[in-house]
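Biologist: Could you show me how to read a protein–DNA surface and a sheet in a model of this kind?

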Protein chains: 2
Amino acid sequence: MQPVACQLLAAARARGHIGPVFGAGAPRDGVGLARQRHTVTISQVAEAAGVARSSVSRAFTRPHLLRPDTVERIKAAAARLGYVPNHSARALSTGLYGNLAMIVPDVANPFFPPMIRAAQDAADDLDFCVLLGNSNEDPANEDRLVGKFVAQTEGLILASSRLPRKRILDHAQRRPIVLINRDVEGIPRVLIDSASGVAQAVAHLAERGHRTIAYVSGPASSWSDKSRRAAAEKAAARLGVTLITLPARIPSFEAGRDVTDVLIGTEASAAIAFDDLTAHGIMEGMMAHDRAIPGDFAIVGCDDVLANLTRPPLTSISSRSQEAGQLAVSLLCELLRSRSVKDARIVLDTQLVVRQTS
Amino acid sequence: MQPVACQLLAAARARGHIGPVFGAGAPRDGVGLARQRHTVTISQVAEAAGVARSSVSRAFTRPHLLRPDTVERIKAAAARLGYVPNHSARALSTGLYGNLAMIVPDVANPFFPPMIRAAQDAADDLDFCVLLGNSNEDPANEDRLVGKFVAQTEGLILASSRLPRKRILDHAQRRPIVLINRDVEGIPRVLIDSASGVAQAVAHLAERGHRTIAYVSGPASSWSDKSRRAAAEKAAARLGVTLITLPARIPSFEAGRDVTDVLIGTEASAAIAFDDLTAHGIMEGMMAHDRAIPGDFAIVGCDDVLANLTRPPLTSISSRSQEAGQLAVSLLCELLRSRSVKDARIVLDTQLVVRQTS
DNA sequence: CTGTTAGCGCCTTCAC
DNA sequence: GTGAAGGCGCTAACAG
């Protein structure tokens, strides 16, 4: 860390400035946050334009109710003064926020950014702002974030939620919620059905002669993980190959690398990993143990976020995270408009992309 | 796209539901968005607890002003009723939003997610919510986003802003702004100084015998690009090697691959790319032209987001995007507290990470 | 310690 | 078509 920042931070700490500022229960003044410098309000515009405040309001929200030249005059005055409608005041009086929230387990996991981006863009088209939350794979954290966001959003999108079913239902009662990769009846959801791709992967591996296949699992509370695991087991049973399951918990390169030690002690000659990161970790782990890929050991990832970046290029299961993000926003808007789409369930299927690790 | 979604979207379109809902000038009713179902307010809690509304407020914001048992009683009543403070009302009366905004050119560019995450986490610690914006590398879009966010945030962080200097100064006059990878005097900024790493890269390549080196540039309005390019030129001049510059504009795999055709027509035997994505594209392009790497052509990336994912592993220039994100939030908070840190300039230096493409 | 009284800035029903 | 008045839910003085 560079000097300037150190100084700043140290100074701030010394003054007790580092720590919560807002939030339920936290005092919002007294820590030095100055109230925003008085901005220009509707009244000032009204005066400048020589009209009533209500007319200014109308000029911005329903201009067709005013004579065109009045609208013109008001807008001119507003522009001259640099008037910007106060979001909070508007929200308070209409009960509408114009915000959506999206919570993901890990912004930096390459699976999510394309999805976030797609959701972002879709929300932007509809003129919503999006509040982003990073739960850090922690249900308690996720719960806390929902609490923070719920007070200023029309609705939320929970991607790969780690929350217990019950909590989701609770929250959904307060605010419209759309789920991605989580299947809770009664809550609209977009599911990337990796099961289809996993089944293909097992068949593919069996065909290549693998008799024992390992599934390296992901987060225990992940719907995707359950679904992939179940699909793997089912396909293995059908094809008469043995499937063993090993845990990696937090999906990451490190987790994959670490699980390798266990993996080489088993009968497995191939592995399907919960995601590409884990798969990549396993690849490195295997190589460190002098196992050739795919010669000695075959590996299949999931989500296809690494494309042909790895060495050798990783066989993976396609994902459709952009579509999922975009659809989640559409669904949420639909939900906001008519509370009737209560139980939509959109399934996006996937398929195996064979490269050179299998 | 799956049937359900198609139906939903088609139906929405038919009803004229797709299109802007909010925003300056857009009517917020009439498009079917129902006002939130009446939530429980401070008054109801007050009545339930048998106290005045102000006491309820105090119980949540400055409990030390109340007798512990009163606080207890109020909180109990609030919990029983499921009371959640209304963010807008609070913001309206305090002038404080508890929100920060962060705008990046491309959420899905792997350079940004770690930075976003770090900023996110830092903001979360300080109990701020963060609004995320994706400018799509478009200044007009970025400008629009700033406008949208300014009305509901204490301050903004612009990462790799593509805005003209003048606009940044304008906006900074309305709301505190912190820049990442953009150097505007008078605006607090965090700069990842890739110049140091680029100089090392040129020296490294010269040492390996390269006499003509190409710099494949990034977005024209990018400070990082200017700075990298200048550093490359300076180092080349000092070492007596020739530097040519080729444009790739939008940093991406495709841009890198496409520039290869031009690249092979030059004298250059090595290239330094604006970022890792572009570098990776060049790698693929070279390989498609049967050029061996690093035998026939050496490549150095920038930002080090691909680590040892590529084949062969890409030599790159380290980045410090997490630190940058975290520091930007700290700086912004400092700025909010005392308008005095007006001209902080934090510089994070970088270095060359030699792998196998050079 | 706690209740009372004004707004914060905007939208929206009413009159005119 | 436009103005006047009330209220959205909360916080912030000011009293007591």
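Modeller: We take the surface beside one DNA strand, then a sheet in one of the chains. This is a predicted model, in which local features need pLDDT of at least 70 and side-chain atom pairs count only at pLDDT 80 or more, while totals for chains, interfaces and linings use all residues. Residues are numbered from 1 along each chain as its sequence is written, chains are lettered from A and ligands numbered from 1 in the order in which they are written, and side-chain values use heavy atoms, with hydrogens and water left out.

Biologist: Which residues come nearest to DNA strand D?

Modeller: A residue is near a strand if one of its heavy atoms lies within 4 Å of it. Of the 28 residues around DNA strand D, those that come nearest are I42(B), S57(B), Y83(B), R90(B) and S93(B).

Biologist: Which polar backbone atoms lie by a phosphate oxygen of DNA strand D?

Modeller: A polar contact is a pair of N or O atoms within 3.5 Å. One phosphate oxygen is 2.4 Å from a polar backbone atom of I42(B), and a phosphate oxygen is 2.9 Å from such an atom of R67(A).

Biologist: How is the open sheet of chain B ordered?

Modeller: Strands of a sheet pair through backbone hydrogen bonds, either parallel or antiparallel. Here 4 strands (DSSP runs of E, at least two residues, numbered from the N terminus) follow the order 7-6-8-9 with parallel pairing, where pairing requires at least two DSSP bridges. Strand 7 (242-247) and strand 9 (298-300) of chain B stand at the edges with a single partner strand each, so one side of each lacks a neighbour in the sheet. Strand 8 (residues 270-273) and strand 9 of chain B pair over 3 bridges, with A271(B) opposite I299(B).

Notes: A polar contact is a pair of N or O atoms within 3.5 Å; within protein, one must be able to donate a hydrogen and the other to accept it, and residues adjacent in sequence count only if both atoms are side-chain atoms.
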